[in-house]
Amino acid sequence: MSGQTEQETQAQGADAGAGADAGGIPTLYVCHGDDQGPRVHPCKRVQDALREAGIEYTRVTGGHGHPISFLRRGSRERVRQATGDVKLPALVLADGTVLTHSKEILRWVAAQG
Ligand SMILES: N[C@@H](CCC(=O)N[C@@H](CS)C(=O)NCC(=O)O)C(=O)O
């Protein structure tokens, strides 16, 4: 299995975290598509990479993702509070560092080896 925790949290729910969780595990904010769909999907790509690298993370569904901004639905206020932006995917590291582009996240994952 993967190193992923089962602690999925809806970002708009009352218990959504504001960043990395208390245990120092990074928090990954993804769109509603999560890690389904084609490998080209950024939220899937970063989760595949995290799993392959054996890096544990907490997944938060941050919103209904869509490349066209006006087609996105729902508030992303919790994502903005946690990451300073509304882009998905975004990874918040234990030290509070925010990685907001899938390429940046993939670079960080590759550097953990
Ligand atoms: N170039 C960005 C694209 C990210 C992207 O397209 N994310 C999807 C969700 S996986 C999306 O719909 N983004 C717009 C959004 O945040 O709704 C990346 O690779 O991180």
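Start with three elements: E2, H1 and E3 make a right-handed β-α-β unit. Keep in mind that this is a predicted model.

**The whole chain**

Zoom out. The protein has three helices and five strands. Their order along the sequence is β-β-α-β-α-β-β-α. Of the 113 residues, 35% count as buried. Now consider contacts with a separation of 6 or more: residues 24 or more positions apart account for 62% of them.

**Stop 1: strand E2**

Select residues 27–31, which form strand E2. E2 is mostly covered, with five of its five residues buried. Which residues point which way? Thr27, Tyr29 and Cys31 point one way from E2. Leu28 and Val30 point the other way.

Now pick Tyr29, which sits in E2. Is Tyr29 buried or exposed? Count the C-beta atoms around it: 29 others lie within 10 Å. A residue is buried if that count is 20 or more, so Tyr29 is buried.

Next, draw a distance from Tyr29 to Cys43. These two residues are 14 apart along the chain. Their C-alpha atoms are separated by 8.4 Å.

**Stop 2: the partners of E2**

Add residues 58–63, which make up strand E3. In which sense do E2 and E3 pair, parallel or antiparallel? They pair in the parallel sense, over five bridges. Find two facing pairs. Thr27 stands opposite Thr58 in E3. Leu28 stands opposite Arg59 in E3. E3 is mostly covered too: six of its six residues are buried.

Then add residues 90–92, strand E4. E2 and E4 pair in the antiparallel sense over three bridges. Go back to Tyr29 here: it stands opposite Ala90 in E4.

**Stop 3: the loop from E2 to H1**

Select Asp34, in the loop between E2 and H1. Check its backbone angles. Its phi is positive, about 55°, although Asp34 is not a glycine. How covered is Asp34? It has 16 other C-beta atoms within 10 Å. The buried class begins at 20 and the exposed class ends at 12, so Asp34 is partly exposed.

**Stop 4: helix H1**

Move on to residues 42–52, helix H1. Which of its residues are buried? They are Pro42, Cys43, Lys44, Val46, Gln47 and Leu50. What covers them? The cover includes strand E2 and helix H3. Just past the helix, click on Gly54. This residue follows H1 and has a positive phi, near 70°.

**Stop 5: helix H3**

Select residues 102–112, helix H3. Its buried residues are Ser102, Ile105 and Val109. Look down the axis of H3: these buried residues fall within an arc of 60°, so they line one face of the helix. The spacing fits a general rule. An α-helix has 3.6 residues a turn, so residues three or four places apart point the same way.

Rotate to the other face of H3, turned away from the buried side. There you find the exposed residues Lys103, Arg107, Ala110 and Ala111. Then rotate back and ask what covers the buried residues of H3. The cover includes H1, E4 and strand E5, residues 98–99.

**Stop 6: a cis peptide bond**

Go to Leu88 and Pro89. A cis peptide bond joins them, with omega about 0°. Pro89 lies in the loop between helix H2, residues 77–83, and E4.

**Last stop: the ligand**

Show the ligand and the 14 residues around it. Which come nearest? They are Cys31, Pro42, Cys43, Gly65 and Ser102. Some of these names are familiar from earlier stops. Cys31 was one of the buried residues of E2. Pro42 and Cys43 were among the buried residues of H1. Ser102 was among those of H3.

Finally, color the shell around the ligand by class. You should find six nonpolar, six polar and two charged residues.

Notes
Residues numbered from 1 in each chain as written. Predicted model: local features only at pLDDT ≥ 70, side-chain atom pairs only at ≥ 80, totals over all residues. Near = placed C-beta within 6 Å. Nonpolar A, V, L, I, M, F, W, Y, C, P; charged D, E, K, R; others polar. Helix = DSSP H or I, 4+ residues; strand = E, 2+ residues; numbered from the N terminus. Contact = placed C-beta atoms within 7 Å. Arc of directions from axis to C-beta. Pairing = 2+ DSSP bridges. Right-handed = clockwise from strand over helix to strand, strands pointing away.
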